[in-house]
Amino acid sequence: MRKRKAWMLLATGFGLALIITIGEAIRAQGVADEDDNIPFHLNGHVWRSKKAFIESGARCATRHVDEIEGEEVEKAIRKAANGRGASGGQGTSDVNDLAAPAISTPINVYFHVINNGTGISNGDVPDAWITNQINVLSAAYSVTFSLVAGTTRTTNATWYTAGPGSEAEAQMKVALRQGGKSDLNIYTNNPGGGLLGWATFPWNYSSNPSNDGIVILYSSVPGGSAAPYNLGDTATHEVGHWLGLYHTFQGGCSKFGDYVSDTPGERSPAYGCPTGRDSCKQAGTDPIENFMDYSDDACMYRFTAGQGTRMQSLWTTYRQ
């Protein structure tokens with residue numbers, strides 16, 4: 001697991017806990033975008049550059065939510081909040097605060113290892129790596145993620161390479177998914193094409209409960225070989241979607257963007273760790289350190305308070 005210096009700030013209301021973390025080495029390093037002429041290698045695949053990898057869509061295959069669907073979700077959040085007599089706002093914070101929000105209740109996890117045989121090279125993730133992954137999630141969200149029923153291990157060559165939206169994915173999830181709408185199911189496999197992961201959104205649960213959860217490349221968990229995406233934050237990123245967050249670059253520099261008021265506008269996804277990148281005219285530099293961007297794992301270490309409020313609102317509306 002990565003080494004991070006952390007300070008704790010505990011707040012009341014919504015059970016919100018703020019963990020302030022600083023990636024000291026990254027801040028001091030000030031690394032720019034990767035050289036676009038350097039080939040990028042990941043999981044046996046080669047792209048002409050890391051930029052080409054990002055543009056291929058392999059970093060995250062979670063489906064894009066268009067403006068119409070986004071507005072419908074916002075209406076549902078406001079309606080639910082009004083019914084509770086609460087505010088439906090997303091909240092604000094100083095964008096220089098390094099805040100990691102939390103859901104107010106522990107999240108039960110069912111972990112499913114899909115392999116192609118024995119051994120790490122076949123995707124048979126060790127228990128120690130799984131424990132480290134759960135710890136990474138708990139630290140990022142300041143909430144306890146708990147393995148409630150251990151880990152299932154399934155040897156299935158078809159499921160091992162299942163991609164998003166495939167029949168193999170559907171079969172895998174129907175057979176293995178456990179728990180209800182508030183339970184997180186994590187699947188590890190090797191979907192191919194350099195793909196790192198994907199997730200479902202909370203408002204999709206009612207229409208297709210068996211599909212709910214996240215799928216990640218097995219070698220992206222802490223200890224895996226998918227550098228620079230092997231510190232466990234592919235799962236952190238995908239769980240953000242599972243809790244209702246969009247990418248920080250959703251909508252580009254538009255007014256609504258990712259529907260969170262304290263994440264600065266971002267025209268396109270970041271890659272590497274381009275400190276000081278500023279792609280929109282609005283106040284604030286690009287949120288490259290945010291878990292919902294596409295930066296390297298070592299560059300990611302924060303959510304904002306507004307993202308925390310949004311996750312709590314969506315949890316209460318759709319998953320609680």
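How much area does the chain expose, and what share of it do carbon and sulfur atoms supply? The chain exposes about 13100 Å², of which carbon and sulfur atoms supply 52%, the areas coming from the Shrake-Rupley method with a 1.4 Å probe.

This is a predicted model, in which local features need pLDDT of at least 70 and side-chain atom pairs count only at pLDDT 80 or more, while totals for chains, interfaces and linings use all residues. Residues are numbered from 1 along each chain as its sequence is written, and side-chain values use heavy atoms, with hydrogens and water left out.

Begin with the whole chain in cartoon view, where the secondary structure comes to eight helices and nine strands; these are DSSP runs numbered from the N terminus, helices being H or I of at least four residues and strands E of at least two.

Next, select the open sheet, whose five strands follow the order S6-S5-S7-S9-S8 with mixed pairing, two strands being paired if DSSP finds at least two bridges between them. Its edge strands, S6 (145–155) and S8 (197–199), each pair on one side only.

Now select strand S7 (residues 184–189) together with strand S9 (residues 214–217), which pair in the parallel sense over four bridges; here isoleucine 186 stands opposite isoleucine 214 in S9.

Then add helix H4 (residues 127–141), which packs on the sheet and touches strand S5 (107–115), S6, S7 and S9, contact meaning heavy atoms within 4.5 Å.

Finally, select helix H6 (residues 167–176), which lies across S5, S6, S7, S8 and S9.

Key:
Axes are lines fitted to C-alpha atoms, for helices over the stretch in contact, and angles run from 0 to 180 degrees between N-to-C directions.
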